[in-house]
Amino acid sequence: MNRERYQVRFLFGLGLCTFFCSVSNVSGLDQAREWKDVQGRVIEAILKDATQEKVILSKEGREYVLPLARLSEGDREYVKKYIQERQPGAISPRGTKDFPFLTDKELSLSPKISVETLEKTIFSLTNEFRKTLKVVELKDIEEISKIARAHSVDMRVRGFFSHDNPDGESPTDRARKAAFSGLSQSPDGKPRHGFSENIGRVGRYTSIEQSTRNETVIGRRIRWQSEVMLARQIIKGFIDSPAHKKNLLDPTKAYIGVGVHVYREHVFVTQNFF
């Protein structure tokens, strides 16, 4: 009898997206290239950032904001690839093709996950981390949590993993669409112009031990995570990423909403900071 053990690695999406700013610090592109618009005009510049609607190009110290629609078809494809590489879109265990995804029967025997408990634990661990570094604690606002929760559900339903949804809406766009009251008058009266965001996707289990005999699977042992284990995994992933960590410790943010969505063996999480 042979035993194989599969361990899952987790993916996180990072973000500093607001109404006036996108994830400019993760481009990793500092090489100039030629850009051509639909009229054939050419500029040699560095791609500083891009969204579904526009690009920011830098040339000789000056920045140029151009609508994506003005670029040539080849440059639009380049930008599309850049956005996809910057924000990977799915959980990706080692050996994805042969990874033993869970059956309905296995899922029916899994421990129940309380979304409410998981959200509260993520919120508490976020504030514990801020506290250790003497950063003012965040206040939980259910109105923000509803917006975060809706994005976690949307990522699963429409099959994407990004701060901008398929409609091109940023975190702040989504807040505005939901008529979030803080955009017109923040609770503390201080001017606050938009959301920043962390997103993540993790598995409900840490490993699967699979037993085989004559190349036939005869049993599997699944190690499940509790709400506390999942929350710790999520926060550790955010802390280990500089951009996520920056969001966690941003002293200009006073409020947070945490939204979790559980689907089969997958857990989607969105943190919105305001």
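## Two nonpolar cores

Let's start inside this predicted model: its largest nonpolar core has 22 residues, and Leu118, Ile122, Val258, Val260 and Val269 have the most contacts within it. At least two residues of this core come from each of helix H3 (115–132), helix H6 (227–239), S11 and S12. A second core, of 11 residues, lies apart from it and includes Ala45, Leu66, Leu68 and Val79.

Ile122 is a good place to look around. Leaving aside residues up to four places away in sequence, Ile122 touches Ala231, Ile234, Ile235, Val258, Val260, Val269 and Gln271.

## Helix H4 and its surroundings

Helix H4 covers residues 142–158. Its 17 residues should span 24 Å at 1.5 Å a residue, and because the end C-alpha atoms are 24 Å apart, the two values agree. Just after H4 comes Gly159, with a positive phi near 70°.

On the buried side of the list for H4 are Ile144, Ser145, Ile147, Ala148, His151, Ser152, Asp154 and Met155. These buried residues pack against helix H5 (171–177) and against four strands: S7 (139–140), S8 (196–203), S11 (255–263) and S12 (266–273).

## An open antiparallel sheet

Elsewhere in the chain, 4 strands make up an open sheet with antiparallel pairing, in the order S3-S4-S5-S6. Strand S3 (33–36) and strand S6 (62–67) are the edges, each pairing on one side only. From one strand to the next, the twist averages 55°.

For a closer look at one pair, take S5 (residues 54–59) and S6, which are joined in the antiparallel sense over 6 bridges. Here Leu57 stands opposite Tyr64 of S6.

How values were computed
Residues are numbered from 1 along each chain as its sequence is written. This is a predicted model: local features need pLDDT of at least 70, side-chain atom pairs count only at pLDDT 80 or more; totals for chains, interfaces and linings use all residues. Side-chain values use heavy atoms; hydrogens and water are left out. Two strands pair if DSSP finds at least two bridges between them. Axes are lines fitted to C-alpha atoms, for helices over the stretch in contact, and angles run from 0 to 180 degrees between N-to-C directions. The expected span of a helix is 1.5 Å times one less than its number of residues. Buried means under 20% relative accessible area, exposed over 50%, partly exposed in between (1.4 Å probe, protein chains only). Contact means heavy atoms within 4.5 Å. A nonpolar core is a set of buried Ala, Val, Leu, Ile, Met, Phe, Trp, Tyr and Cys residues joined through side-chain atoms within 4.5 Å.
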